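Here are my notes on this model, as promised. Have it open while you read, and start with the helices.

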Amino acid sequence: HATEEQMNKALDIACATFVHQLPNGIDTSCTEHGGGFSEGQAQRICIARTLLRKAPILLLDEATSALDAVTERKVVENIINHYPNHTLIFITHRPEVTQLCDTIVRL
């Protein structure tokens, strides 16, 4: 039930504005499991969809694993900057993501 403005903001934060270049823009259909998109594109769309929820805790489990380092950093920084009063949990193997976090728990 998100507005177009809310969807565009989530896409921007997730660095997923490429959807506007698709044949039917944001209304373009895709197959199950993100078929038709690269893994990184599918991840960014999933992140955007997640950002539309109004949850106080955001748990991202390897959510940026298919992104290049520059895009990954931008997405994580965007999330941190746009959700300062939320609890953000990044589960990752990538030290680039942990460098942006306030607290690190290693298992």
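1. First, some vocabulary: buried means under 20% relative accessible area, exposed over 50%, and partly exposed in between (1.4 Å probe, protein chains only). Helices (H or I, at least four residues) and strands (E, at least two) are DSSP runs, numbered from the N terminus. This is a predicted model, so to speak of local features we need pLDDT of at least 70, and side-chain atom pairs count only at pLDDT 80 or more, while totals for chains, interfaces and linings use all residues. Residues are numbered from 1 along each chain as its sequence is written, and side-chain values use heavy atoms, with hydrogens and water left out.

2. Take helix 3, residues 69–82. Its 14 residues reach 20 Å from first C-alpha to last, close to the 20 Å expected at 1.5 Å a residue (the expected span is 1.5 Å times one less than the number of residues). Thr71, Glu72, Val75, Val76, Asn78 and Ile79 are buried there. Looking down the axis, these buried residues fall within an arc of 155°, so they line one face of the helix; the arc is that of the directions from the helix axis to the C-beta atoms. An α-helix has 3.6 residues a turn, so residues three or four places apart point the same way. Val70 and Asn81, on the other side of helix 3, are exposed.

3. What does the buried side of helix 3 pack against? Its buried residues meet helix 1 (4–13), helix 2 (39–51), strand 1, strand 2 and helix 4 (95–98), with contact meaning heavy atoms within 4.5 Å.

4. Helix 2 has 13 residues, which should span 18 Å at 1.5 Å a residue, and its end C-alpha atoms are indeed 18 Å apart. Gly40, Ala42, Gln43, Arg44, Ile47, Ala48 and Leu51 are its buried residues. Their cover includes helix 1, strand 1 and helix 3.

5. Don't skip the loop between helix 1 and helix 2, where Val19 sits. Is Val19 buried or exposed? Val19 counts as buried because its relative accessibility is 6%. Leaving aside residues up to four places away in sequence, Val19 touches Leu11, Gly25, Ile26 and Ile45. The C-alpha atoms of Val19 and Thr3, 16 residues apart along the chain, are separated by 16 Å.

6. Finally, Ile91. This residue belongs to strand 2 and is partly exposed, with a relative accessible area of 38%.
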